[in-house]
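Here are some notes to read alongside the structure. Have it open and find each spot as you go.

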Amino acid sequence: LIKVPAVPVHTWLPDAHVEAPTPISMILAGILLKMGGYGIIRICYPICPQGAYELAWFVCVLGIVSMIYGALAAMAQQDFKRLVAYSSVSHMGYVVLGIGAWSLMPGLYDSQYWKMGMNGAMFQMIAHGISSAGMFFVVGVLYDRVHHRDLNQFGGLFGRMPVYTALSIVLFFAALGLPGLCGFVGEILVIFAAFSYSRVLAIVGASVMVLTAGYILWTIRRVYLGPEYRGPHADALCPLTPREFLIAGVLSVAAVAFGVHPQAIFRYMTPSVNRTVDELTEWMKSQDKVPDIGYQAPAGSAPTVANPGPRGGDSLSH
């Protein structure tokens, strides 16, 4: 949960991103955070299924709290990079919610919705690795030019850097969860799975998308739109170099490709995830099998008295 990161053990992440150079922030957001979700799915749940079952509500609540807190904290930031860092806390909350939505009910064992949540959580980790790494990259491009990240001093970049603005908007919309981009697929699967587990949690989780749209669209307006740039080093706002265009272009193409054709990822991911869910389903079934340790009398025979009590025959073995 620290690695994911989930509230309240998330406090290391914003400072780490702000202090790190752009390549390290991209690696941290795109790859390293996913080790937390992978560890929960591959290690924690298979080793400790009883705890996972009994604390499923706790894991789901942590995911919901991370989603809400991360979105509200991102909306309150003035530092561009810190805003993207808190958006990571919010988006990884979907991962925790999808993993924790243990929708297996004793006696039914319909694992389809939980498989949906698990696969949605895995897809969300991949989609977040694309969109978040891309957002950190576009922040780094600006910082290399103007040497500040104050959102209140940006504006009007669309007129100065149109190609950069277009690629940035694709990546920000992918993080927003716009249908047709990679961020939508994982989030909607997690919400469907959470609806089977708890309708209240699903409604609250779906409402977080409104907060996400709020800070993403507000950021786009403050940074890329508006009449003019208001910060220092305005003369340094030059178009993208070929290397920068290649990096942002590859991430943008991946965001569109996986949003339009998510099966390209599910084809390889689903069998492994479904097997983990099936193993946990079999574990639940095994918990309902109470062994019969009593003596089974032959059919048609009368009950026999064993160790009569004070009243002459209270204790019977069948």
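The points below cover a pocket, a helix and two residues.

1. First, a word on where this comes from: you're looking at a predicted model. Keep that in mind as you read on.

2. Let's start with the largest pocket, which has a volume of about 190 Å³. Its lining is made up of Leu-1, Gly-36, Ile-40, Cys-44, Tyr-45, Cys-48, Ala-52, Leu-55, Phe-58, Val-59 and Leu-62. Two elements, helix 3 (34-47) and helix 5 (56-75), each give two or more residues to that lining.

3. Which helix gives the most to the lining of the largest pocket? That's helix 3, with four residues. As for class, ten of the lining residues are nonpolar, one is polar and none is charged.

4. Now scroll along to helix 13, which runs over residues 263-287 and has 25 residues. From its first C-alpha to its last, helix 13 reaches 35 Å, close to the 36 Å expected at 1.5 Å a residue. Still, don't picture a plain rod: there's a kink of about 45° at Met-269, shortly before the proline Pro-271.

5. Which residues of helix 13 are buried? They are Ile-265, Phe-266, Met-269, Val-273, Asn-274, Thr-276, Val-277, Leu-280, Thr-281, Trp-283 and Met-284. As you look at the numbers in that list, a handy rule helps: an α-helix has 3.6 residues a turn, so residues three or four places apart point the same way.

6. What covers those buried residues of helix 13? The cover includes helix 3, helix 4 (49-54), helix 7 (112-146), helix 10 (182-197) and helix 12 (242-260). Helix 3 also turned up in the lining of the largest pocket.

7. Pick out Thr-281, which has its place in helix 13. Is Thr-281 buried or exposed? Its relative accessible area is 5%, and buried means under 20%, so Thr-281 counts as buried. Leaving aside neighbours within four places in sequence, Thr-281 is in contact with Leu-104, Tyr-109 and Ser-111.

8. Finally, try Phe-172, found in helix 9 (residues 162-176). Phe-172 counts as buried because its relative accessibility is 0%. If you don't count residues up to four places away in sequence, Phe-172 touches Phe-80, Met-135, Val-138, Ile-216, Thr-219, Ile-220 and Tyr-224. Take Val-138 from that list: Val-138 and Phe-172 are 34 residues apart along the chain, and their C-alpha atoms are separated by 9.8 Å.

Notes:
Residues are numbered from 1 along each chain as its sequence is written. This is a predicted model: local features need pLDDT of at least 70, side-chain atom pairs count only at pLDDT 80 or more; totals for chains, interfaces and linings use all residues. Side-chain values use heavy atoms; hydrogens and water are left out. On a 1 Å grid over the protein atoms alone, a cavity is a set of points where a 1.4 Å probe fits but cannot get out, and a pocket is an open set with protein on both sides within 12 Å along at least five of seven lines; lining residues have an atom within 4 Å of a point. Grid points are joined across faces, edges and corners, and a volume is the space filled by probe spheres set on the points. Ala, Val, Leu, Ile, Met, Phe, Trp, Tyr, Cys and Pro count as nonpolar, Asp, Glu, Lys and Arg as charged, and the others, Gly among them, as polar. The expected span of a helix is 1.5 Å times one less than its number of residues. The bend at a residue is the angle between axes fitted to the seven residues ending there and the seven starting there. Buried means under 20% relative accessible area, exposed over 50%, partly exposed in between (1.4 Å probe, protein chains only). Contact means heavy atoms within 4.5 Å.
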